[in-house]
Amino acid sequence: MAWIAGVGASAGLGAAIARCFAKEGLTVALTGRSAERVRAVAAEIAAEGGRRAHALPGDVSSPEDVGRIAAEVRALGILHAAIFNAGNAVRGTPLELTPEQFEATWRGSTYAGFLFARAALPALLAAGGGSLLFTGATASLRGRGPFVAFAAAKAGLRSVAQSIAREYGPQGVHAAHIVIDGGIDGERLRTGAPQRVAHAGADGLLNPEAIAETYWQLHRQHRSAWTHELDLRPYKETF
């Protein structure tokens, strides 16, 4: 089975990853803060050809919630893939952000990623190995003034992924970090920045289903040639 954290809108990356892994035959456990949205995505997946999907809502930045959900995941079956897609972004320069905003952003990415990995690793190791995938961003690699909190949080998550790969890779856990360099063509961007969507044009934004396919390929990689980090961007994105 696969456990996907960071599932929100049906037209989002977390939901696309869940659909992809379910299509390939895995039972999927879906976690997100909005119980209503998580249950809706699980119902959509279950309605497609009898695929198995379970809604396990909760906050992955809460140790108590993560511990509870991890126990529910173990009760559902053998874990083979765990995908951390959660995160929260706040815009503001160092003099504009409050300490509370900076800390909350760190908790939503670095800290939550650590909690999620810490909960998933025992099950993956007990299964003899599996994949542990982390969604990163352009900010994982470089910081800018208005994104100081997001960049710090995503860079920290990247370090968590690297540390896990070096420690548990020899034990069969494939830890990989995916840098999403560009806007995702999902509900959040279409609702919050419709002008950017229009300006991007055809295939100017990352298609969630296409991203999800890459996650599946990472999960399926032979251990003699594992990828730890890769970046994905639209064909006309500058970098």
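Trainee: What volume does the second largest pocket have?

Mentor: About 200 Å³ for the second largest pocket. Keep in mind that this is a predicted model.

Trainee: Noted. Which residues line the second largest pocket?

Mentor: The lining is made of G128, G129, G130, S131, G172, H174, H219, R220, Q221, R223 and W226.

Trainee: And which elements each supply at least two residues of that lining?

Mentor: Strand β5, residues 130-137, and helix α8, residues 208-220.

Trainee: How do the lining residues divide into nonpolar, polar and charged?

Mentor: Eight are polar, two are charged and one is nonpolar.

Trainee: Switching topic. How many salt bridges does the count come to?

Mentor: The count is 11 salt bridges. One of them pairs R19 with E209, with 2.6 Å between the closest N and O atoms. That pair links distant parts of the chain, since R19 belongs to helix α1 (residues 13-23) and E209 to helix α8, 190 residues apart.

Trainee: Is R19 buried or exposed?

Mentor: R19 counts as buried, at 17% relative accessibility. Its partner E209 counts as partly exposed, at 39%.

Trainee: Why would side chains like that pair up at all?

Mentor: Side chains of opposite charge can pair when their charged atoms come close.

Trainee: OK. Which residue does D59 form a salt bridge with?

Mentor: With R33, where the closest N and O atoms are 3.4 Å apart. D59 sits in the loop between β3 (53-55) and α3 (63-76), while R33 sits in the loop between β2 (28-31) and α2 (35-47), so the salt bridge ties together parts that are 26 residues apart in sequence.

Trainee: And R33, buried or exposed?

Mentor: R33 is exposed, with a relative accessible area of 64%. D59 is partly exposed, with 22%.

Trainee: What about D65, which side chain does it meet in a salt bridge?

Mentor: The side chain of R68, at 3.9 Å from N to O. D65 and R68 are three residues apart in helix α3, so about one helical turn separates them. D65 is partly exposed at 22% relative accessible area, and R68 is partly exposed too, at 35%. Salt bridges with shared partners also join D65, R68 and E72 into one network.

Trainee: Back to α1. How many residues of α1 are buried?

Mentor: 10 of its 11 residues are buried, so α1 is largely enclosed by the rest of the structure. Among the buried ones are L13, I17, R19 and F21.

Trainee: What do the buried residues of α1 pack against?

Mentor: They pack against strands β1 (2-5), β2, β4 (81-84) and β5, plus helices α2 and α8. So α8 turns up twice for α1: the buried residues of α1 pack against α8, and the R19 to E209 pair joins the two helices.

Trainee: What's just after α1?

Mentor: G25, which takes a positive phi of about 105°.

Trainee: Last topic: where is T105?

Mentor: T105 is in helix α4, which covers residues 99-126. T105 counts as buried, at 2% relative accessibility.

Trainee: Which backbone oxygen does the T105 side chain reach?

Mentor: That of Q101, at 2.9 Å.

Trainee: And leaving aside neighbours within four places in sequence, what is T105 in contact with?

Mentor: N88, V90, A149, F150 and A153.

Notes: Residues are numbered from 1 along each chain as its sequence is written. This is a predicted model: local features need pLDDT of at least 70, side-chain atom pairs count only at pLDDT 80 or more; totals for chains, interfaces and linings use all residues. Side-chain values use heavy atoms; hydrogens and water are left out. On a 1 Å grid over the protein atoms alone, a cavity is a set of points where a 1.4 Å probe fits but cannot get out, and a pocket is an open set with protein on both sides within 12 Å along at least five of seven lines; lining residues have an atom within 4 Å of a point. Grid points are joined across faces, edges and corners, and a volume is the space filled by probe spheres set on the points. Helices (H or I, at least four residues) and strands (E, at least two) are DSSP runs, numbered from the N terminus. Ala, Val, Leu, Ile, Met, Phe, Trp, Tyr, Cys and Pro count as nonpolar, Asp, Glu, Lys and Arg as charged, and the others, Gly among them, as polar. A salt bridge is a side-chain nitrogen of Lys or Arg within 4 Å of a carboxyl oxygen of Asp or Glu. Buried means under 20% relative accessible area, exposed over 50%, partly exposed in between (1.4 Å probe, protein chains only). Contact means heavy atoms within 4.5 Å. A polar contact is a pair of N or O atoms within 3.5 Å; within protein, one must be able to donate a hydrogen and the other to accept it, and residues adjacent in sequence count only if both atoms are side-chain atoms.
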